[in-house]
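Trainee: I'd like a close look at one part of this model, and I'd like to go slowly. Could you walk me through it once it's on the screen?

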Amino acid sequence: HPSTSSKSRNTQVPKEEQNKDSTLQKQVPSSQDHDVDKENGQNQITPEELAEWKVNVCGSIKDNICRALFVLPKKKVSFCSAAEVYTTTTKQYFFDIAEGSLVIPEGAKFGVHEANWKRFDDLDDAARKFILKSEDWTHVFVWKHVVERFVSGYLNKVVDVCENSDSIKPHFAISHYVQYGFSCEEHKDLDTFVGFMETLEEDVGHFRAQSTLCSVGKYPFTDKIKADEDIDSKLEVLSRKLGVEHPPALDETIAHETIDKDKMIGLLRGKPELVTRILKIFDMDCANIPEACDVEELMSEIRT
């Protein structure tokens with residue numbers, strides 16, 4: 001088990017953590033091809049609405065960011081990322097630069113995920129308002145390519161569970177979707193799982209859109225980091241900005257959290273329409289983080 005020291009690092013993603021919940025043809029689809037509701041998109045909030053949001057968020061205005069955003073007051077930094085976005089790597093980084101202000105309890109099954117993190121709604125109204133207007137704070141949004149994230153989650157939370165467990169246990173991330181009709185018998189294949197996700201009327205659970213979870217377009221993020229196999233070099237740049245010593249790289253954890261591109265291409269080969277459907281599911285991410293839906297290279301690879 002990880003110790004309570006800020007210097008101790010749980011460099012492996014526990015097996016249990018894998019189940020824990022804590023764009024056809026030559027023209028490549030873009031976010032404009034997805035009928036994105038830009039009138040209601042988070043990046044279309046009016047100045048008046050944004051001003052009200054900043055005053056009342058986590059008070060009279062409930063928002064995903066209230067529980068999804070973590071803050072390190074001593075370092076004047078906040079961060080937010082969704083599930084399947086190098087979550088362990090990201091949290092371990094911020095845990096390490098906290099220099100002892102965070103503690104992992106003895107016997108924690110999920111390591112750094114169980115540290116005594118301070119969330120946005122743990123702060124009082126005055127502190128939240130100060131952070132939202134302060135120019136001294138750094139606000140980090142860590143994001144991942146939409147298709148990579150979705151396929152990674154499918155492999156980790158659907159295939160792994162359906163092939164290696166005799167039932168869907170309550171603590172499995174995929175268990176949240178049982179109430180909406182998910183079953184391994186009907187939805188284990190990628191095609192059928194995409195079809196299941198298309199039936200959901202709410203943006204919920206492990207596969208919730210990254211930009212809506214982190215209130216992109218409302219929360220004043222100063223740094224947006226693309227999560228991929230080079231995440232450590234990007235975090236090193238962040239360390240220099242924050243003026244902290246950069247922690248040693250978590251090579252094994254990063255390797256675990258990096259999707260096998262060949263495996264993903266194999267699943268999608270000859271199925272460009274499946275990529276289009278996945279992007280449609282995450283149209284808000286395509287509107288708010290266009291780069292996250294750039295599939296020109298992927299489309300070329302799966303057609304060959």
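Which residues form one aromatic cluster here, and what can you tell me about the parts around them?

Mentor: Happy to, and keep in mind as we go that this is a predicted model. The cluster is made of Phe-150, Tyr-154, Tyr-177, Phe-182, Phe-193, Phe-196, Phe-207 and Phe-282. Find those rings on your screen and we'll work outwards from them.

Start with one pair inside the cluster. A pair of aromatic rings is described by the distance of the centres and the angle of the planes. For Phe-182 and Phe-193 the centres are 6.0 Å apart and the planes stand at 90 degrees, so this pair is edge-to-face. Where do the two sit? Phe-182 is in the loop between helix H5 (146-164) and helix H6 (184-187), while Phe-193 belongs to helix H7 (residues 190-199). They are eleven residues apart, and the pair links distant parts of the chain. Phe-182 and Phe-193 are both buried.

Now look at the helices that carry some of these rings. H5 packs with H7 at an angle of about 105 degrees, and their axes are 12 Å apart. That angle makes the two helices roughly perpendicular. On the H5 side, the contact is made by Phe-150, Tyr-154 and Val-158. On the H7 side, Leu-190, Phe-193, Val-194 and Met-197 do the touching. You'll recognise Phe-150, Tyr-154 and Phe-193 as cluster members. Sorted by class, the residues of this H5 and H7 contact are seven nonpolar, no polar and no charged.

While you're on H7, click on Thr-192, which lies in that helix. Is Thr-192 buried, exposed or partly exposed? Its relative accessible area is 30%, so Thr-192 counts as partly exposed. If you skip residues up to four places away in sequence, Thr-192 touches Glu-186 and His-187. Set that beside Phe-193, which is buried.

Go back to H5 and follow it to another partner. The axes of H5 and H11 come within 11 Å and cross at roughly 90 degrees, so H5 and H11 are roughly perpendicular to each other. H5 brings Val-147, Glu-148, Val-151, Tyr-154 and Leu-155 to this contact, and H11 brings Lys-261, Lys-263, Met-264, Leu-267 and Leu-268. By class, that gives seven nonpolar, no polar and three charged residues. Notice that Tyr-154 turns up again: it is in the contact with H11, in the contact with H7, and in the aromatic cluster.

One step further out, helix H11 (residues 261-268) also packs with helix H14 (residues 296-303), at an angle of about 65 degrees and with the axes 9 Å apart. These two helices are therefore roughly perpendicular as well, and their crossing is right-handed. Here Met-264, Ile-265 and Leu-268 of H11 meet Leu-298, Glu-301 and Ile-302 of H14. The class count for this contact is five nonpolar, no polar and one charged. Met-264 and Leu-268 meet H14 here, and they are also listed in the contact between H5 and H11.

So how many aromatic pairs does the model have? The count comes to 18. Another of them is worth a look: Phe-120 and Tyr-219 have ring centres 5.6 Å apart and planes at 90 degrees, so this pair is edge-to-face too. Phe-120 is in the loop between strand E3 (118-119) and helix H4 (125-133), and Tyr-219 is in the loop between helix H8 (210-213) and strand E5 (223-226), so the pair ties together parts that are 99 residues apart in sequence. Phe-120 and Tyr-219 are both buried.

E5 leads to a last stop. Thr-138 is found in strand E4 (residues 138-143), and with 7% relative accessibility Thr-138 counts as buried. Its C-alpha atom is separated by 7.2 Å from that of Asp-223, although the two are 85 residues apart along the chain. Leaving aside neighbours within four places in sequence, the contacts of Thr-138 include Asp-223, Thr-222 and Leu-238.

Methods: Residues are numbered from 1 along each chain as its sequence is written. This is a predicted model: local features need pLDDT of at least 70, side-chain atom pairs count only at pLDDT 80 or more; totals for chains, interfaces and linings use all residues. Side-chain values use heavy atoms; hydrogens and water are left out. Rings of Phe, Tyr and Trp (its six-membered ring) pair if their centres lie within 6.5 Å; planes under 30 degrees apart count as stacked, over 60 as edge-to-face and the rest as tilted. Helices (H or I, at least four residues) and strands (E, at least two) are DSSP runs, numbered from the N terminus. Buried means under 20% relative accessible area, exposed over 50%, partly exposed in between (1.4 Å probe, protein chains only). Axes are lines fitted to C-alpha atoms, for helices over the stretch in contact, and angles run from 0 to 180 degrees between N-to-C directions. Angles under 35 degrees count as roughly parallel, over 145 as roughly antiparallel, 65 to 115 as roughly perpendicular and the rest as oblique. A crossing is left-handed if the near helix is turned anticlockwise from the far one by less than a right angle, and right-handed if clockwise. Contact means heavy atoms within 4.5 Å. Ala, Val, Leu, Ile, Met, Phe, Trp, Tyr, Cys and Pro count as nonpolar, Asp, Glu, Lys and Arg as charged, and the others, Gly among them, as polar.
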